[in-house]
Amino acid sequence: AHLVIVAFFFAMRSCEYTNISRGELHPEAERRTKLLCIRNFRFFQGTRMLDNFKDNLFQADSISITFEFQKNQERQETVTQERSIDPDLCPVRSAASIIMFIVRMPGVSADTSINSFRDNSGGTVLISSAAVISTLREAAATMGEDVLGFSPDEIGCHSIRSAFAMALYLAGLGVATIMLMGRWRSYSFLRYIRKQFQQFSSGISSRMIQREHFFTITRL
């Protein structure tokens, strides 16, 4: 859950936070994108950077994640998010939970990937994209198609990036913010804006009729 929350707030591609099998037919399977590791996470309390291996990361006010190499060929791109007002849906708290869990595992270093997990037997496993999709679909099935408006089978690897774009759009944030925070280099993110959302056109009809009269200036 924490992994998915962090992925959502940073519009992560599935290959940035999970292991992808070669059988999956997604662009990410080319593995041009680097899987994030502990070294890519920096927590800040004010302007002081915390130590991922020693400090209580829950004290952080913000987190910066550096994406070393991405599908769009960009290198060393850093995105920062502050704490949210929600105790559960928070990029800082969820990232802190992940990192503080991993650093307690034996043999961990700054190069350990963020999808590392210690199972009940004490062994280390790597969370896969298939496991994430399965979890998201189970959650969607629990909520129900009547509530969501779509079936669990429609959820895929890119659903998190789509949800990120839609969340920023519905929050009234501008195109520049969506592109920069989501690390898009073109308007390709527009395909993730779902106009069939009920909330997409919220208030538009009322704004369309605010001006009842128009005056057309004739051409010279």
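This report walks through a pocket, some aromatic rings, two backbone angles and the cysteines of a predicted model.

## A pocket and its lining

Let's start with empty space. Rolling a probe the size of a water molecule over the atoms shows where such space is left. The second largest pocket found here has a volume of about 360 Å³. Its lining is made up of 17 residues. Nearest the centre of this pocket lie Ala1, His2, Leu3, Phe117 and Ile127.

Which parts of the chain supply at least two residues each to this lining? They are the helices α1 (2-9), α3 (91-102) and α4 (129-143), together with the strand β5 (116-118). As for chemical character, twelve of the lining residues are nonpolar and five are polar, while no charged residue takes part.

## Rings that pair up

Now look for the aromatic side chains. A pair of aromatic rings is described by the distance of the centres and the angle of the planes. In the whole structure, four aromatic pairs turn up. One of them joins Phe8 and Phe9: their planes meet at 70 degrees, which is over 60, so this pair counts as edge-to-face. The ring centres of Phe8 and Phe9 are 5.2 Å apart. Phe8 has a relative accessibility of 27%, so it counts as partly exposed. Phe9 has a relative accessible area of 16%, and because that is under 20%, Phe9 counts as buried.

Phe101 and Phe117 make another aromatic pair, this time a stacked one. Here the distance is 5.5 Å centre to centre, with 20 degrees between the planes. Phe101 belongs to helix α3 and Phe117 to strand β5, so this pair ties together parts that are 16 residues apart in sequence. Are these two rings buried, exposed or something in between? Phe101 is partly exposed at 36% relative accessibility, and Phe117 is partly exposed at 38%. You have already met Phe117 as one of the residues nearest the centre of the second largest pocket.

Elsewhere, ring pairs bring Phe164, Trp184 and Phe189 together in a cluster.

## Charges over rings

Rings can also have a charged group for company. Which residue places its charged end over the ring of Trp184? That residue is Arg161, whose charged end sits 4.2 Å from the ring centre. Trp184 is thus a meeting point in your picture: a member of the ring cluster and the partner of Arg161.

A second example involves Arg183, which lies over the face of Phe67 at 3.5 Å from the ring centre.

## Two backbone angles to look at

Most residues other than glycine have a negative phi. Ala11 has a positive phi, near 45 degrees, and is not a glycine. You can find Ala11 in the loop between α1 and α2 (14-17). Its relative accessibility is 0%, so Ala11 counts as buried.

Arg183, the residue over the ring of Phe67, also has a positive phi, about 60 degrees. Arg183 is part of the loop between α7 (175-182) and α8 (204-208). With 0% relative accessibility, Arg183 counts as buried.

## Cysteines

A disulfide is a covalent bond between the sulfur atoms of two cysteines. How many disulfides does the structure hold? The count is zero. Two cysteines to find in the model are Cys15 and Cys37. Cys15 is buried, at 0% relative accessibility. Cys37 is buried too, with a relative accessible area of 8%.

Notes: Residues numbered from 1 in each chain as written. Predicted model: local features only at pLDDT ≥ 70, side-chain atom pairs only at ≥ 80, totals over all residues. Heavy atoms only, no water. 1 Å grid on protein atoms, 1.4 Å probe; cavity = no way out; pocket = protein on both sides within 12 Å on 5 of 7 lines; lining within 4 Å. Points joined across faces, edges and corners; volume = space filled by probe spheres on them. Helix = DSSP H or I, 4+ residues; strand = E, 2+ residues; numbered from the N terminus. Nonpolar A, V, L, I, M, F, W, Y, C, P; charged D, E, K, R; others polar. Phe/Tyr/Trp six-rings, centres within 6.5 Å; stacked < 30°, edge-to-face > 60°. Buried < 20%, exposed > 50% of the residue type's maximum accessible area, 1.4 Å probe, protein only. Lys NZ or Arg CZ within 6 Å of the ring centre and 35° of its normal. Disulfide = S-S within 2.5 Å.
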